[in-house]
Every structure is written in structure tokens, then in C-alpha cells.
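The report below describes a single protein chain for a reader at the bench. It begins with one helix and then moves outward to the core and the chain as a whole.

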Amino acid sequence: MQSSSSGLRFLVAESEPPDAREERRESVGRSSGETYLAILKRLAPGATCDWVKPADADEALPSGVSLADYDAVFLSGSPLSLYEETPEVRRSIAFMGAVFASGTPSFGSCAGLQLATVAAGGTVRPNQSSTEAGFARRIVPTEMGRSHPLLRGRPAAFDAPSIHTDEVEALPKGATLIAFNRSTLVQAAEIRFEGGTFWGVQYHPEIGLDEVTGALRRQADDLVDAGLARSRRDVEDQADLVEALHREPTRRDLAWRLGLDDQVTDDDKRQIEIRNFIETIVHETQARRR
């Protein structure tokens with residue numbers, strides 16, 4: 001998609017609270033919303049991208065613009081736990097409800113999937129299995145997911161960057177489960193609610209290996225507490241390997257040691273869900289509206 005991207009208008013919604021946003025910037029140089037802005041610039045050259053932070057108090061859309069004026073909304077990851085009654089959570093859920101009501105298609109990763117789930121009547125809970133830290137392994141499509149355009153181009157099983165402490169407990173009524181693995185029941189889903197359509201994944205197609213490295217280091221103590229590592233040094237050693245592969249993604253020895261393939265190391269393959277979303281539902285919506 002190249003020339004057809006011109007004229008598209010996207011909104012990136014980042015629900016990271018200010019302290020988490022700054023911690024992530026200090027770690028990897030960008031917030032989760034800024035990561036999405038960079039990816040969309042690459043995948044949809046010529047598109048206009050706005051940025052909003054719905055968890056923040058007094059945050060608003062650009063003057064004179066409504067959600068219905070956008071061709072798509074992209075929801076980033078966030079440390080918010082959506083089963084907690086906090087002002088940040090309430091504001092984020094209200095925003096997602098407005099996105100659905102606007103009819104503008106949306107895509108989200110990690111907390112983005114969880115946010116759409118809760119806004120449409122589903123539930124989220126703390127992880128019940130072991131934490132997916134760094135990568136989600138052996139993600140497989142459901143029977144419905146095998147023909148769903150979200151996963152077009154993915155193999156029968158694949159890995160993806162992932163780190164999360166919460167998961168979808170129950171999808172909303174009428175939602176479609178697209179992919180899962182042994183650790184997480186809902187790895188990808190489509191949710192239709194109040195005239196809006198959301199495609200989302202629990203993993204992170206938008207982040208690079210440098211951001212995986214940063215996440216591991218930021219959460220090192222939690223990973224030790226979860227029994228995934230015996231010490232912070234163990235986490236640092238794993239992060240060093242991931243960082244080295246980020247610098248040299250064609251190094252087969254590093255990929256072998258980490259158990260990864262080009263579904264993770266190749267940017268185009270890793271980001272395929274975002275591209276599929278733009279090339280199908282976004283352009284279909286744009287054509288229908290205009």
C-alpha cells in the first residue's frame with residue numbers, strides 16, 4: 001500500500017499513564033503511542049496521524065475533529081489493569097466506547113485488545129498461566145482464524161513479541177476468537193459492538209526487539225518473582241541476547257539461541273497484522289464513507 005495511503009487519517013490512542021510513558025521513553029526512547037506513530041508512518045506513507053492520551057485527565061481530540069472523522073484508531077499497550085476502578089481506567093473505557101459508537105474501525109495490541117473487550121462487555125483478569133515475557137510462543141489460528149484477513153500471511157504457528165500480566169478472561173458476546181496458544185486463551189480477536197469493528201492481538205506486532213529488551217529490563221524484578229528467572233542477572237543475560245539480535249537481525253546463531261525465526265526478526269513479517277488491518281477494513285471503510 002503506497003499511493004492509496006495518502007488521504008487516510010489515523011488516530012493513535014495511548015493509554016499509558018504519564019509516569020509509565022516517561023519510564024518507557026527513558027528505557028527505549030519512545031512511548032507506546034510514539035512507537036505506533038513511527039510504524040504507521042512506515043506502513044502508510046502519506047497518511048495523517050494524530051495522537052491522543054485517553055487515560056490522561058482533560059485530554060481531548062484536536063479542535064474541530066470527531067472520532068468519525070478518522071479512518072482508523074490504533075490503541076497501544078498500557079500497564080493499566082482494566083478490572084481496577086481508577087480514573088485512568090474509567091476514562092480509557094469511555095474512550096473505547098466512543099470509538100465503537102463512532103463506527104470508525106480500530107486496531108489494538110495487548111492492553112488495546114483488553115480495552116476493547118471490556119468496553120464491549122467482556123472481562124479481563126490477571127494471567128492465569130505463566131507470564132509471557134519477551135515472546136508469545138506457538139500462536140495458532142482457530143478454525144475461524146485460518147480464513148480471517150487479520151492473519152493473512154502468517155504460518156500455521158508463529159511467535160511474536162509479547163509481555164503482559166493481564167489477559168482476556170471472556171470475550172464479549174458475538175466476538176470472534178481468531179488465535180490462541182497454550183499460555184493465553186485469546187491471542188487475537190475481532191469484536192463488533194454498537195456499529196464499530198475492532199481487530200486486536202494480545203501480542204505486540206508493532207514493537208521491535210529493542211523494545212522487547214527494554215520491557216524485560218524494566219520488569220526484571222517481576223520476572224524473578226514469577227519464577228521465570230533466578231536473578232536480575234539472568235534477565236539481563238536474556239535481554240543482552242535479544243538486544244544483540246536487534247542490532248544484527250540476520251545472525252542465525254542468536255536467533256537459534258532464542259528460538260526465533262523471521263516471523264519476529266523480519267519487520268515486514270512481524271508487523272503483518274497492522275498492514276492487513278489497513279489494507280482491508282480501513283480501506284473498505286474509507287471507500288464506503290466517501
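## Helix H1 and its surroundings

On one side of helix H1, Asp19 and Glu26 are exposed, where exposed means over 50% relative accessible area, buried means under 20%, and partly exposed lies in between (1.4 Å probe, protein chains only). Helices (H or I, at least four residues) and strands (E, at least two) are DSSP runs, numbered from the N terminus. This is a predicted model, in which local features need pLDDT of at least 70 and side-chain atom pairs count only at pLDDT 80 or more, while totals for chains, interfaces and linings use all residues. Residues are numbered from 1 along each chain as its sequence is written, and side-chain values use heavy atoms, with hydrogens and water left out.

The buried residues of H1, which spans residues 18-28, are Ala20, Arg21, Arg24 and Val28. They are on the same side of H1 because they cover an arc of only 105° around the axis, the arc being that of the directions from the helix axis to the C-beta atoms. An α-helix has 3.6 residues a turn, so residues three or four places apart point the same way. The buried residues of H1 pack against helix H2 (32-43) and helix H5 (209-218), and H1 is followed by Gly29, whose phi is positive, near 90°.

Within H1, Arg21 is in contact (heavy atoms within 4.5 Å) with Glu14, Glu16, Ser31, Lys53 and Asp56, leaving aside its neighbours within four places in sequence. Arg21 and Glu34 are 13 residues apart in sequence, and their C-alpha atoms are 9.9 Å apart in space.

## Accessibility of selected residues

| Residue | Relative accessible area | Class |
|---|---|---|
| Arg21 | 6% | buried |
| Cys49 | 27% | partly exposed |
| Ser106 | 1% | buried |
| Cys110 | 6% | buried |

A disulfide is a pair of cysteine sulfur atoms within 2.5 Å, and by this rule the count comes to zero disulfides.

## Nonpolar cores

A nonpolar core is a set of buried Ala, Val, Leu, Ile, Met, Phe, Trp, Tyr and Cys residues joined through side-chain atoms within 4.5 Å. The largest such core has 29 residues, of which Phe10, Phe74, Phe107, Leu150, Ile274, Phe277 and Ile278 touch the most other members. Among the elements that give two or more residues to this core are strand E1 (9-13), H2, strand E3 (72-75) and helix H11 (272-289), and H11 gives the most, with five residues. Apart from this core lies another, of 28 residues, among them Ala13, Leu67, Leu82 and Leu113.

Not counting residues within four places in sequence, Phe107 is in contact with residues including Tyr36, Phe74, Leu150, Pro205, Ile274 and Phe277. Ser106 lies in strand E4 (residues 106-109), and, with residues up to four places away in sequence set aside, Ser106 touches Val73, Leu75, Met96, Val99, Thr197, Phe198, Trp199 and Phe277.

## The protein as a whole

The protein has 11 helices and 11 strands, and buried residues make up 54% of its 290 residues. Its radius of gyration, taken over C-alpha atoms, is 18 Å, which agrees with the value near 19 Å for a compact globule of 290 residues; the globule rule is 2.2 Å times the number of residues to the power 0.38. Of the contacts with a separation of 6 or more, 74% are between residues 24 or more positions apart.
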